[in-house]
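Reader: I am new to this structure. Please take me through one part of it closely, the salt bridges and what surrounds them.

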Amino acid sequence: MRNPTGVLLTFLAIFSSSFSQAKERNPWTHFGLRPLGMGNAYVAIADDYNALFYNPAGLARLDSWDGEFLNPALTVSQKATDLMSDASDLNGIDDTLGLIEENAGENVALSFSLTPHLIFPHFGFGVGLNTTLLSMTFHRDLSVDVKSGIEIIAPISFAMNFLDDRLSLGATLKGRAIGYVDREFSMEDLEALGSSDDTAGGEEAQELSDFIIGGYGAGVDFGLLFTPSKVMEPTLGVSITDLGGTHFTEAKVGSDEPLGKPPVVLPSVNVGLSLKPFTWGSSYLRTAVDMHSINQPYSFSQKLQLGVEYGLGQFLKIQGGLYKGYFTSGIQLDAGIVNLKIVTYAEELGTVAGYQASRRYALQLKLLL
């Protein structure tokens, strides 16, 4: 091994959490695994705790209460598993640089989430915690666009029915807290960050904490569901998230040193249609189509989402769909105190669907009520 320090710094670049130059859009909601299995087409369904994040009007249509307090979910990209296998065979700086070259443009991602909640007919509250442990795209010049951190969304929602339960309206007041690093680092930057000296290049040495953006704020969501007929239950869903925009107050380190201020979360208008063409006893088939963030200026190809779900009572649900132009699938098994969800989907890193996909696999296990 000719240059141990070089290998160490290169691995710091590899295993730093980062986005590619074509970054993932900030999500308009805390993604749930069941909705993602259905292509994230969920605005007109919202019949479980995901209503807290997708469409609060769905709480008005619940038949009973539900609570989960320990339901961890782990998401990993396909390229991450490939990279871990390849990295175990590295021997020196040349092998490391070769691995980066081979994976240039590929995305590596690893994240953890938790969604404790308690919901009742017409009312509910919960917490959506998303932690980006690793999200990275290789660059041939060894620069690293770093973005990693944590986001917490804490909604309190209320909903009511009208017009003989055909119309449901709901609203959410939610707190948001966010802290993350978002900056491009060169190899020189990484060397300076890894230095034990007080200064680097005659300037005061910087630490990773110097680049943290963090803050907290409050937002409002509004939701609507309208089902004109009980035959096949055709349903129109509308949700407006972060009504008027959610602004952040800067967080501080210690007593007086503020972090960078996060950007405003813009309002998102989301529309969906769902239909239940088949019902037989406890079995059903449900279809859905959504248009997300129709008020925001990005490609139509990423706004259209399609989904389908087959259910056998509460015990088994099988999902499929099309999310950002890529297929999704999922399965959910519910045996009372144990609930298992497995989903695969793909995030689009480019500006249009079909350009640069990052295939993801997610598993969620409910361990207690």
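What follows is a close look at one residue, its partners and the parts around them.

Reader: Which residues are linked with Arg-34 in a network of salt bridges? Where is Arg-34 found, and is Arg-34 buried or exposed?

Author: This is a predicted model. A little background comes before the close view. The protein has 369 residues, and 47% of them are buried. The chain forms 6 helices and 22 strands. Of the contacts between residues at least 6 apart in sequence, 65% join residues at least 24 apart. The protein exposes about 17,300 Å², with carbon and sulfur atoms supplying 62% of that area.

Now to the residue itself. Arg-34 sits in helix α2. Its relative accessibility is 3%, so Arg-34 counts as buried. Beyond its neighbours within four places in sequence, Arg-34 is in contact with Tyr-42, Ile-45, Asp-47, Asp-48, Tyr-284, Glu-309, Lys-317, Gln-319, Gln-332 and Lys-341.

One of these contacts is a salt bridge. Side chains of opposite charge can pair when their charged atoms come close. Arg-34 pairs with Glu-309, and their closest N and O atoms are 2.7 Å apart. Arg-34 belongs to helix α2 and Glu-309 to strand β18, so this bridge ties together parts 275 residues apart in sequence. Glu-309 has a relative accessibility of 0%, so Glu-309 is buried. Arg-34, at 3%, is buried too.

The pair does not stand alone. Salt bridges link Arg-34, Asp-47, Asp-48, Arg-286 and Glu-309 in a network. Take Arg-286 next. Arg-286 forms a salt bridge with Asp-47, with 3.4 Å between the closest N and O atoms. Arg-286 lies in strand β17, residues 283–291, while Asp-47 lies in the loop between α2 and α3, so the bridge ties together parts 239 residues apart in sequence. The two ends differ in cover. Arg-286 has 10% relative accessibility and counts as buried. Asp-47 has a relative accessible area of 32% and is partly exposed.

Tyr-42 is a useful next stop. Tyr-42 touches Arg-34, Pro-35, Asp-47, Asp-48, Asn-50, Tyr-54 and Asp-290, leaving out residues up to four places away in sequence. Three network members, Arg-34, Asp-47 and Asp-48, are among them. Tyr-42 also has a place in the nonpolar interior. The largest nonpolar core has 27 residues, and those with the most contacts inside it are Leu-36, Tyr-42, Phe-53, Tyr-54, Leu-59 and Ile-119. At least two core residues come from each of α2 (33–37), α3 (51–54), β7 (144–162) and β21 (339–348). The most come from α3, which gives 4 residues. Helix α2 thus appears twice here: it holds Arg-34, and it supplies residues of the core.

Ile-119 leads on to another contact. Asp-66 touches His-117, Leu-118 and Ile-119, not counting residues up to four places away in sequence. Asp-66 is in strand β1, residues 66–68. With a relative accessible area of 27%, Asp-66 is partly exposed. A polar contact of 3.1 Å joins the side chains of Asp-66 and His-117. The C-alpha atoms of Asp-66 and Pro-121 are separated by 9.4 Å, and the two residues are 55 residues apart along the chain.

Return to strand β18, the strand of Glu-309. Leu-312 is found in β18 as well. Its relative accessible area is 34%, and Leu-312 is partly exposed. Glu-309, at 0%, is buried. Leu-312 helps make a nonpolar surface patch of about 920 Å², together with Phe-278, Trp-280, Tyr-310, Phe-315, Ile-318, Ile-331, Leu-333, Ile-342 and Leu-363. The elements giving two or more residues to this patch are β16 (268–280), β18 (304–312) and β20 (326–334).

One more bridge lies outside this network. The structure holds 10 salt bridges. Among them, Lys-174 pairs with Asp-242, the closest N and O atoms being 3.4 Å apart. Lys-174 is in strand β8 and Asp-242 in the loop between β12 (235–241) and β13 (248–250), with their places 68 residues apart in the chain. Lys-174 and Asp-242 are both buried.

To close, come back to the start. Arg-34 is buried in helix α2, and its salt bridge with Glu-309 reaches strand β18.

Terms used
Residues numbered from 1 in each chain as written. Predicted model: local features only at pLDDT ≥ 70, side-chain atom pairs only at ≥ 80, totals over all residues. Heavy atoms only, no water. Patch = residues over 30% accessible without salt bridge, like charges linked within 9 Å, V, L, I, M, F, W, Y side chains within 5 Å. Areas by Shrake-Rupley, 256 points an atom, 1.4 Å probe, with all protein chains shown as cover. Salt bridge = Lys/Arg side-chain N within 4 Å of Asp/Glu carboxyl O. Buried < 20%, exposed > 50% of the residue type's maximum accessible area, 1.4 Å probe, protein only. Core = buried A, V, L, I, M, F, W, Y, C linked by side-chain atoms within 4.5 Å. Contact = heavy atoms within 4.5 Å. Polar contact = N/O pair within 3.5 Å; in protein donor to acceptor, adjacent residues only side chain to side chain.
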